[in-house]
Amino acid sequence: MSFWNSLLELPFRDLLCSLQALRVPQQSAPINSVPVDSLPPNDPIRHAARPVGLLRSVLPDGTAQICTAIIISDRHILTAAHCAFGAESLTVVFGLTEQERKSFRVQSSPSEIDKERGYAVVGVEGTPSQTFGTARLLLRIPLKSGGIGVEA
């Protein structure tokens, strides 16, 4: 079993959401919400959203789709399997505001893909983690050595 396969007990596609749709309840009115980019720069929720971006996937027939991508290491992002499978080109964008947005090219062939669980790990050119950090993943099962970013 691979490292990333051991991370997920449920299909990851059920956990992914678009950064633009990510909302935070206001303290005074739980029914209302505010965009993450309107939160103060030192807000912990805004900080947690930094390694979440949008992946643009172009398929062989020329159609494009937008998916969520999460920085998980210096050179890898995590996304939904259907976004990476069969794509001719992939580009990921990180940044909550226009001023901080940066695009990165993504390798079109995934490092790891699991269609059953619905995730793909793909390499990214450059190091977006230096600017946007990496997501903190909660592990529900013990890790076995040998995967990406895991030392024996």
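How many residues lie between β3 and β4 in their hairpin, and which residue in the turn has a positive phi? In this predicted model, five residues separate the two strands. The residue with the positive phi is G62, at about 95°.

The hairpin belongs to a wider sheet. Seven strands make up this open sheet, and their order is β7-β6-β3-β4-β5-β9-β8. The pairing is antiparallel. Strands β7 (102–106) and β8 (112–114) form the edges, each pairing on one side only. On average, neighbouring strands are turned by 30° against each other, direction ignored. Strands of a sheet pair through backbone hydrogen bonds, either parallel or antiparallel.

Strand β3 spans residues 52–58. Most of β3 is covered, with five of its seven residues buried. In the sheet order, β3 stands between β6 and β4. Towards strand β4 (residues 64–71), the antiparallel pairing runs over seven bridges. L55 has C67 of β4 as its bridge partner. Towards β6, β3 pairs over five bridges, again in the antiparallel sense. Here L54 is placed opposite V93 of β6.

Strand β6 covers residues 89–94. Besides its pairing with β3, β6 is joined to β7 by five bridges. These two strands also run antiparallel. L90 faces V106, a residue of β7. Strand β7 is an edge strand, and the sheet order begins with it.

C67 also takes part in a disulfide. What is the partner of C67 in this bond, and what is the S to S distance? The partner is C83, and the sulfurs are 1.7 Å apart. The structure holds one disulfide. A disulfide is a covalent bond between the sulfur atoms of two cysteines. Because the torsion about the S-S bond of C67 and C83 is about -85°, the disulfide is left-handed. C67 sits in strand β4, whereas C83 sits in helix α3 (residues 81–84), so the bond ties together parts that are 16 residues apart in sequence. Are these two cysteines buried or exposed? Both C67 and C83 are buried.

Strand β4 thus brings several of these features together. β4 pairs with β3 over seven bridges and shares the hairpin with β3. C67 of β4 is the bridge partner of L55, and C67 is also joined to C83 by the disulfide.

Definitions and conventions: Residues are numbered from 1 along each chain as its sequence is written. This is a predicted model: local features need pLDDT of at least 70, side-chain atom pairs count only at pLDDT 80 or more; totals for chains, interfaces and linings use all residues. Side-chain values use heavy atoms; hydrogens and water are left out. Two strands pair if DSSP finds at least two bridges between them. Helices (H or I, at least four residues) and strands (E, at least two) are DSSP runs, numbered from the N terminus. Axes are lines fitted to C-alpha atoms, for helices over the stretch in contact, and angles run from 0 to 180 degrees between N-to-C directions. Buried means under 20% relative accessible area, exposed over 50%, partly exposed in between (1.4 Å probe, protein chains only). A disulfide is a pair of cysteine sulfur atoms within 2.5 Å.
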